[in-house]
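Biologist: Could you take a close look at one part of this model with me? I would be glad of a connected account rather than a list.

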Protein chains: 4
Amino acid sequence: MGAKASRTEKHILAKAREIFSKKGFKNVTMQDIVDACDISRGGLYLHFSSVEDIFLAVLKAEDSIGSDNEASSKNVEGEGDYLDGISVSTKLSASDRFAAFLKEQKRFILRRKDGLSLALMEYYSGHNSSPDNNYIKGRFDDCVHTIEEIVSDGALSGEFECEDVAGFARNLAYVLEGLKTMATVVSISEQTVDKEMFYILQGIVPVDQYINN
Amino acid sequence: MGAKASRTEKHILAKAREIFSKKGFKNVTMQDIVDACDISRGGLYLHFSSVEDIFLAVLKAEDSIGSDNEASSKNVEGEGDYLDGISVSTKLSASDRFAAFLKEQKRFILRRKDGLSLALMEYYSGHNSSPDNNYIKGRFDDCVHTIEEIVSDGALSGEFECEDVAGFARNLAYVLEGLKTMATVVSISEQTVDKEMFYILQGIVPVDQYINN
Amino acid sequence: MGAKASRTEKHILAKAREIFSKKGFKNVTMQDIVDACDISRGGLYLHFSSVEDIFLAVLKAEDSIGSDNEASSKNVEGEGDYLDGISVSTKLSASDRFAAFLKEQKRFILRRKDGLSLALMEYYSGHNSSPDNNYIKGRFDDCVHTIEEIVSDGALSGEFECEDVAGFARNLAYVLEGLKTMATVVSISEQTVDKEMFYILQGIVPVDQYINN
Amino acid sequence: MGAKASRTEKHILAKAREIFSKKGFKNVTMQDIVDACDISRGGLYLHFSSVEDIFLAVLKAEDSIGSDNEASSKNVEGEGDYLDGISVSTKLSASDRFAAFLKEQKRFILRRKDGLSLALMEYYSGHNSSPDNNYIKGRFDDCVHTIEEIVSDGALSGEFECEDVAGFARNLAYVLEGLKTMATVVSISEQTVDKEMFYILQGIVPVDQYINN
DNA sequence: AATGAATGAGCCTTCATTCAT
DNA sequence: TATGAATGAAGGCTCATTCAT
């Protein structure tokens with residue numbers, strides 16, 4: 001809760017994250033977290049006052065690390081290791097950035113075990129929180145924005161052909177959202193995701209740009 | 001639970017449906033249902049043995065009525081009143097059927113108050129049920145199938161132009177799923193839905209085919 | 001809680017009364033009452049929702065029975081058995097009524113085991129309730145009023161001599177309150193009470209009127 | 001606990017006193033005291049081992065200072081500033097001392113915010129301590145004794161007329177106790193207290209002796 | 001069939017007290 | 001001496017489920 005999360009708090013948040021990704025939000029009890037953390041009831045309350053409190057802290061930690069989130073275009077720039085044989089110091093092409101973005105999304109969709117999608121839905125669906133501080137809405141908007149940026153860059157450089165960039169970005173974002181939803185409920189194969197991304201890419205670009213991992 | 005649902009059971013299911021659509025699945029208690037049904041605790045247990053039991057019965061009833069679901073192409077045929085001035089006995093054009101389908105989807109997305117989306121997600125997310133008897137998966141597949149059917153009909157009749165019907169159907173289905181997800185968590189305007197559907201339609205058909213309600 | 005207290009509720013209130021008189025208010029837990037009543041946790045909550053709820057119900061029951069309260073002049077009229085050899089049908093003299101009143105007060109002070117004084121003090125001291133619905137204030141005012149009534153009757157009939165009836169009544173009421181307070185904290189002997197009442201009576205009446213029990 | 005209360009201990013007791021006077025005894029937690037004292041949990045335990053321990057220490061400090069207690073005749077002697085225009089070095093008259101005593105009692109009754117009455121009641125009511133070391137009993141006896149002393153002096157000097165000094169003293173002490181009780185539960189006005197004291201004084205002395213502050 | 005009082009397990013939260021630093 | 005994180009017992013409340021009537 002403080003500026004510097006103590007070792008204990010980090011430990012709690014890590015364990016709690018696992019639990020939320022496994023059980024969603026509504027089913028998680030303080031007891032679950034106590035058990036997982038090997039901590040006492042009172043000890044947990046010393047750091048967090050409710051499951052909600054913990055969940056929000058998990059989300060905040062999530063943001064500051066970015067480990068689970070969409071790879072922002074910025075991140076990608078500095079993290080050439082995600083891509084094969086591309087110099088870190090070089091400005092990445094739009095195609096590369098798009099490929100990286102999709103790869104990240106795919107990872108997110110497939111490894112739903114690590115994901116908080118369900119917990120997020122449960123939390124916000126029962127919360128009518130203002131759209132402003134709604135994590136899911138924010139995530140969606142970020143996603144749209146990232147796509148727009150990449151695609152419009154690619155359109156300028158001639159890599160992509162796309163008349164309605166905004167429309168394309170929204171369309172893709174909804175497809176990704178739909179895939180995430182399905183993934184929380186049904187197990188989805190890599191092929192399924194690939195097939196879908198391939199379909200979308202066809203609309204703007206020669207296919208060989210999209211490199212499978 | 002017997003073969004024929006008694007009057008009492010129908011009443012219980014109707015009330016329970018309202019509750020599930022309002023509160024999702026995990027938050028609903030037997031007490032909630034007892035209160036809403038003006039029935040005794042014991043009386044309820046005479047018919048259903050748990051909240052889950054009731055929820056499953058609601059879903060089953062849902063299917064046999066189809067009131068909340070996607071309008072299947074079959075349904076649409078028989079329900080000319082959804083469309084303007086089209087004789088019930090006439091075989092509808094693909095465009096009309098597609099318009100009706102989208103209109104139904106839009107209704108479903110916007111009136112999430114009547115919907116069981118959240119309850120479904122909560123139920124199946126905590127259930128790892130086999131894909132076969134997974135309601136959401138089934139709904140998605142039905143949706144894809146309906147779209148394929150309509151669009152391939154339209155392609156034959158020259159109303160639509162679409163090379164990859166299967167791809168288009170899946171794409172649209174995921175977008176719809178994404179919209180449904182967002183709608184359970186953020187309030188979504190009619191314009192938002194319209195814009196999205198319009199974008200997709202552009203891909204296969206002249207716009208004037210899509211009639212707003 | 002309803003109009004007719006069920007057998008169970010009566011049982012709970014009776015047991016709870018014992019507990020309150022023994023432990024006051026603040027120390028009493030739902031668990032205490034559960035244990036004393038041989039009832040389940042849930043069962044208790046079926047009837048009462050908190051210790052406070054139960055305490056208030058005890059007070060209400062108290063009032064409607066009047067077993068623990070000051071003998072009102074009305075009560076005394078019909079209850080000749082409290083006095084020695086006085087015909088029930090006869091209108092009692094002021095002296096007799098005063099004797100009865102004091103006897104009742106004495107009983108109340110001495111049998112503090114049965115009394116709710118401490119519980120009342122604890123409850124209202126932490127409650128800043130409006131004076132109107134304050135049980136202790138009401139009890140005090142009733143007490144003053146009863147004394148005034150009796151003494152002014154006695155003054156008219158020549159049994160008592162008292163110039164400032166209101167002052168006398170208040171004075172006596174405070175003394176009684178002081179005795180009740182002391183009794184909750186220190187054990188007080190019958191002699192102590194007698195001595196005090198005797199002293200006060202001297203102020204208005206020849207002593208032989210006051211008959212010890 | 002030590003022979004000489006350290007600076008820290010004095011600080012703790014002062015803060016604790018405030019808390020007890022505000023919240024009584026049963027509601028006070030170690031945490032309350034820790035918070036008020038700007039001390040650590042462990043630090044507090046270094047000095048006192050429980051809330052009860054602290055409370056008892058507060059009472060002991062109280063006695064040795066006498067700040068909250070009845071003004072003993074001795075105290076009054078040295079505190080001429082409570083009385084108007086009477087030389088400190090002069091032996092005070094019984095009337096003056098009685099006036100001072102009553103003024104002090106009035107202050108105590110009215111400013112119950114500063115008082116420990118409630119805390120005392122709560123503490124001793126749950127303690128069945130022997131009458132000997134019972135603070136309330138002691139306070140009461142002191143009060144009676146002080147009154148007796150003053151009034152018998154006044155009787156000798158002709159200032160008061162009182163046949164039964166002991167009876168009068170007890171009577172007044174109980175009235176004061178009753179007033180204190182009522183004050184902890186109902187808010188009591190200055191007029192109410194004045195009226196009561198005036199009534200009692202009439203019994204032994206011409207009224208103009210009693211000077212209002 | 002129907003009732004609703006009763007049960008008891010389970011989760012929430014608070015607090016006195018301890019203990020490693 | 002002093003700190004404050006950690007502990008665990010205790011009490012509050014809710015809910016699925018049972019059962020005598």
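How many aromatic pairs does the structure hold over all chains?

Modeller: Happy to help! Please keep in mind that this is a predicted model. Over all chains, the structure holds 39 aromatic pairs. Let me zoom in on one of them, D:Phe25 with D:Phe55: the ring centres are 5.1 Å apart and the planes meet at 50°, so the pair is tilted; planes would have to be under 30 degrees apart to count as stacked, or over 60 to count as edge-to-face. This pair links distant parts of the chain, with the two positions 30 residues apart in numbering. D:Phe25 sits in the loop between helix H1 (7-23) and helix H2 (30-37) of chain D, while D:Phe55 belongs to helix H4 (residues 51-65) of chain D.

From chain D we can step across to its partner, chain C. Here 33 residues of chain C are in contact with 33 residues of chain D. Together the two chains bury about 3100 Å², and carbon and sulfur atoms account for 65% of that area. On the chain C side, the residues that lose the most area to chain D are C:Tyr174, C:Val185 and C:Tyr199, which together make up 22% of what that side buries.

The polar part of this interface is worth a look too. Four salt bridges are found between chain C and chain D. One pairing is C:Lys26 with D:Glu122, whose side chains meet at 2.5 Å, N to O. There are also nine residue pairs in polar contact across the interface, with both residues at pLDDT 80 or more. As for where the chain C side comes from, helix H7 (117-125), helix H8 (135-157), helix H9 (165-185) and helix H10 (190-202) of chain C each give two or more residues. H9(C) has the largest share, 13 residues. By class, the side of chain C that touches chain D has 15 nonpolar, nine polar and nine charged residues.

Chain A and chain B offer another interface to set beside it. In this case 33 residues of chain A are in contact with 34 residues of chain B, and the buried area is about 3100 Å², with 65% from carbon and sulfur atoms. A:Tyr174, A:Val185 and A:Tyr199 lose the most area to chain B on the chain A side. The count of salt bridges between chain A and chain B is four. For a distance to check, B:Glu196 forms a salt bridge with A:Arg170, where the closest N and O atoms are 2.8 Å apart.

Technical notes
Residues numbered from 1 in each chain as written. Chains lettered and ligands numbered in written order. Predicted model: local features only at pLDDT ≥ 70, side-chain atom pairs only at ≥ 80, totals over all residues. Heavy atoms only, no water. Contact = heavy atoms within 4.5 Å. Buried area = accessible area lost by both parts, 1.4 Å probe. Phe/Tyr/Trp six-rings, centres within 6.5 Å; stacked < 30°, edge-to-face > 60°. Helix = DSSP H or I, 4+ residues; strand = E, 2+ residues; numbered from the N terminus. Polar contact = N/O pair within 3.5 Å; in protein donor to acceptor, adjacent residues only side chain to side chain. Nonpolar A, V, L, I, M, F, W, Y, C, P; charged D, E, K, R; others polar.
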